[in-house]
Structures are given as structure tokens and as C-alpha cells.
Amino acid sequence: MAALRDGLAAIARDHRSFALEKLHVASVGGFLALRPTAPPAALGLLANDCVQHLQPLAAPLGEAELARRRRAPLTREEDALLLAWGYPWVLDRFQFHFSLTSTLDELTGDQLVQIQRAAVDHFATLPPLRIDRLSAFVEATPGADFTLLEQWDLAP
């Protein structure tokens, strides 16, 4: 746990806070999410540093998890990312988002339109979002709620 805390503290020291100016509702892989309209370069740089500096602390993926991840249609590059980093949608494949729903595959077209319209209306007036800290959360047991462990402020 000390290595994780030290790694997050170092990343936080190396990055300045920034804003996500405009978030919009988007369909991402069969679910709805909030995504930045124009993601700033700082977001990608921060995400890449987190992956590259913290992934060595992760346990290796087991065969069952590899098989589960590979059920998604992965490109050759995404499979290589999965093997190298433990997740196929990192680095240049990363798409920052806040999930709003689980999969919506079982909805009718009309239901999907209604839910998407409601989400767009609900989130239409979000103010800019300030990214000013890194947070570590803990899942005490598989499937349990995540609880906040600690936060590290980014440089102002």
C-alpha cells in the first residue's frame, strides 16, 4: 500500500489541475456515459502517467480474467495493451467517461431514445468540472462498495 500511496503522490506532484469545460451524454459500448466534448491534453497525460507508473503494482491477470476481457471484440492493438497493461482501453485507446447506466442492449429503440433524451436534458447545464486531485478507493471484498482511501491534490 505504501508503494501505491508514494506513486500517486508523485504523479499528483507532476500534474497541474485542469478543467473539463463541457461534458455531454454519449453512448459508449452499449451504455450511456458523460464524456468531455473536447478532452484537454492534460487529461490524457495524467491518465497515461497513472497507467504507466501504477500498473507495475497490480497483480498479474489470471487466465479467467484474460478470457473474460477477450470476450469483447478486441483489435490486435487492444489485445497487446491488455497483455502489457492489464486493460485493453488505455493509452491511445483511453476514452475518459463517467458511466451513467449499465448496458442498455435489452431496451427497445423507443426506450433507448427516451432514456438518452432524459439524460441529455438532466445533464445539459453541468458546470465545468475541475480535475484537481487523485483519489484511491478500496473494494474490501469483491462486489462491495468502494470506499475512499486517500486523496492527493494536483499542483494548482
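**Architecture and packing of the predicted model**

The side chains of Ser 17 and Arg 130 are joined by a polar contact of 3.0 Å. The model in which this pair occurs is a predicted one. Ser 17 lies in the loop that connects α1 with β1 (18-20). Its relative accessibility is 16%, and because the limit for a buried residue is 20%, Ser 17 counts as buried. Leaving aside residues up to four places away in sequence, Ser 17 touches Arg 130, Ile 131 and Asp 132, together with Leu 154, Ala 155 and Pro 156.

The protein as a whole contains five helices and seven strands. Along the sequence these elements follow the pattern α-β-β-β-α-α-α-β-α-β-β-β. The C-alpha atoms occupy a box of roughly 50 × 40 × 30 Å along the principal axes. The chain has 156 residues, of which 25% count as buried. About 10,300 Å² of the protein is exposed, and carbon and sulfur atoms supply 56% of this area. Among contacts between residues at least 6 apart in sequence, 56% join residues at least 24 apart.

Helix α1 covers residues 2-14. With 13 residues at 1.5 Å a residue, α1 should span 18 Å, because the expected span is 1.5 Å times one less than the number of residues. The C-alpha atoms at its ends are 18 Å apart, in agreement with that value. Gly 7, Leu 8, Ala 9, Ile 11 and Ala 12 are the buried residues of α1. These buried residues pack against one helix, α2 (41-54), and against the strands β6 (133-139) and β7 (146-153).

Two of the elements packed against α1, namely β6 and β7, also pair with each other. Their pairing is antiparallel and runs over seven bridges. Within it, Phe 137 stands opposite Leu 148 in β7. The two strands form a hairpin with six residues between them, and Gly 143 in the turn has a positive phi of about 90 degrees.

A further set of strands, β2, β3 and β4, forms an open sheet in the order β2-β3-β4 with antiparallel pairing. The edges are held by β2 (23-28) and β4 (98-99); each has a single partner strand, so one side of each is left without a neighbour in the sheet. Six bridges link β2 and β3 in the antiparallel sense, and Val 25 stands opposite Leu 34 in β3. These two strands also make a hairpin, with two residues between them, in which Gly 29 takes a positive phi near 60 degrees. On the other side of the sheet order, β3 (residues 31-36) is joined to β4 by two bridges, again antiparallel. Leu 34 has Phe 98 as its bridge partner in β4, while Ala 33 stands opposite Ser 99.

Strand β3 is largely enclosed by the rest of the structure, because six of its six residues are buried. Cover is present on both faces: Phe 31, Ala 33 and Arg 35 are buried on one side, and Leu 32, Leu 34 and Pro 36 on the other.

In soluble globular proteins, nonpolar side chains tend to be buried together. The largest nonpolar core here has 16 residues, and the members that touch the most others are Leu 20, Leu 46 and Leu 134. Two or more residues of this core come from each of α1, β1, α2 and β6. The largest contribution is that of α1, with four residues. Apart from this core lies another, of five residues, which include Val 25, Leu 32, Leu 104 and Ala 119. Returning to the larger core, the contacts of Leu 20 may be listed in full. Beyond residues up to four places away in sequence, Leu 20 touches Pro 36, Pro 40, Leu 43, Phe 96, Pro 128, Leu 129 and Ile 131. Ile 131 is also one of the residues touched by Ser 17, and Pro 36 is one of the buried residues of β3.

Note on methods:
Residues numbered from 1 in each chain as written. Predicted model: local features only at pLDDT ≥ 70, side-chain atom pairs only at ≥ 80, totals over all residues. Heavy atoms only, no water. Buried < 20%, exposed > 50% of the residue type's maximum accessible area, 1.4 Å probe, protein only. Contact = heavy atoms within 4.5 Å. Polar contact = N/O pair within 3.5 Å; in protein donor to acceptor, adjacent residues only side chain to side chain. Pairing = 2+ DSSP bridges. Core = buried A, V, L, I, M, F, W, Y, C linked by side-chain atoms within 4.5 Å. Areas by Shrake-Rupley, 256 points an atom, 1.4 Å probe, with all protein chains shown as cover.
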